[in-house]
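Subject: Structure for your review

Dear colleague,

Please find below the structure that I am handing over to you. My notes on it follow directly after.

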Amino acid sequence: MSLKIFLGAAMWLICGTLSAQTLDTRIACTQTLQEDADGERLLYSDQARMQLNGTQITEFQWESSVFRSNRGHECSIDTEDDLAAELTEKGWRIRLKNAQSARQKRGYDVDRGSQCSIRLEREGDTLHIKPTCPALCGSRRNFSELTVNTKTGLCTYE
């Protein structure tokens, strides 16, 4: 077998495997943590529904909140925010096609940048959710970074 045919077959196999990636999960996580600065308790709460088939997003909804004793902040994203998915070596990268437009739809008047990327990385039953998406968080810096066991539902905040 020639090297050209071998490499072609290998690429077809790799691409076929990547495009066959699917995710169908619901997440409900809550955890109370101590804040380092002044010992205030923080309540983290995340609810999500993620359904992906390769680069097709069937459903994507995520609400991420942090509550303090006197205030709370929330981030949210869903399929109506004009999302795009790309396959990565470990899972997916979800991004907004137009972050500024999605931000304006929510009525946010302070510019927080137009960056929004959420990496979903799978290791067996574990799903690592790594957001860099301040565009949809109002005055909050970002969505919560967390790890979820998709079989048991156990969550760990990073």
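A disulfide is taken here as a pair of cysteine sulfur atoms within 2.5 Å. Please bear in mind that the model is predicted. By that criterion the structure holds three disulfides. With the bonded cysteines of the protein numbered in sequence order, the pairing reads 1-6, 2-5, 3-4. I take the three pairs in turn below and then add notes on two other residues.

**Cysteine 29 and cysteine 155**

In this pair, cysteine 29 is joined to cysteine 155 with an S to S distance of 1.8 Å. The partners come from distant parts of the chain, 126 residues apart: cysteine 29 belongs to strand 1 (residues 22-34), whereas cysteine 155 belongs to strand 10 (residues 155-157). The torsion about their S-S bond is about -60°, and the disulfide is therefore left-handed. As for solvent exposure, cysteine 29 has a relative accessibility of 1% and counts as buried. Cysteine 155, at 22% relative accessibility, counts as partly exposed, because buried is reserved for values under 20%.

**Cysteine 75 and cysteine 137**

The sulfur atoms of cysteine 75 and cysteine 137 lie 2.0 Å apart and form a disulfide. Cysteine 75 sits in strand 4 (residues 72-78) and cysteine 137 in the loop between strand 8 (126-132) and strand 9 (146-149), so this pair ties together parts that are 62 residues apart in sequence. The link is right-handed, because the torsion about the S-S bond is about 125°. Cysteine 75 counts as buried at 0% relative accessibility, and cysteine 137 is buried with a relative accessible area of 1%.

**Cysteine 116 and cysteine 133**

Here the disulfide joins cysteine 116 to cysteine 133, with 2.0 Å from S to S. Cysteine 116 is located in the loop between helix 2 (99-105) and strand 7 (117-123), and cysteine 133 in the loop between strand 8 and strand 9, so the pair ties together parts 17 residues apart in sequence. The torsion about the S-S bond is -85°, and the link of cysteine 116 and cysteine 133 is left-handed. Cysteine 116 counts as buried at 7% relative accessibility, and cysteine 133 is buried with a relative accessible area of 0%.

**Two further residues**

Threonine 25 lies in strand 1, the strand that also contains cysteine 29. With a relative accessible area of 6%, threonine 25 is buried. Once its neighbours within four places in sequence are left aside, threonine 25 is in contact with Ala48, Arg49, Met50, Leu127 and Thr150.

Phenylalanine 67 is found in strand 3 (residues 56-67). Its relative accessible area is 38%, so phenylalanine 67 is partly exposed. Not counting residues up to four places away in sequence, phenylalanine 67 touches Arg41, Leu42, Leu43, Ser45 and Gly72. For one of these residues, leucine 42, a backbone distance is also available: its C-alpha atom and that of phenylalanine 67 are separated by 5.7 Å, with their positions 25 residues apart along the chain.

Yours sincerely

How values were computed. Residues are numbered from 1 along each chain as its sequence is written. This is a predicted model: local features need pLDDT of at least 70, side-chain atom pairs count only at pLDDT 80 or more; totals for chains, interfaces and linings use all residues. Side-chain values use heavy atoms; hydrogens and water are left out. Helices (H or I, at least four residues) and strands (E, at least two) are DSSP runs, numbered from the N terminus. Buried means under 20% relative accessible area, exposed over 50%, partly exposed in between (1.4 Å probe, protein chains only). Contact means heavy atoms within 4.5 Å.
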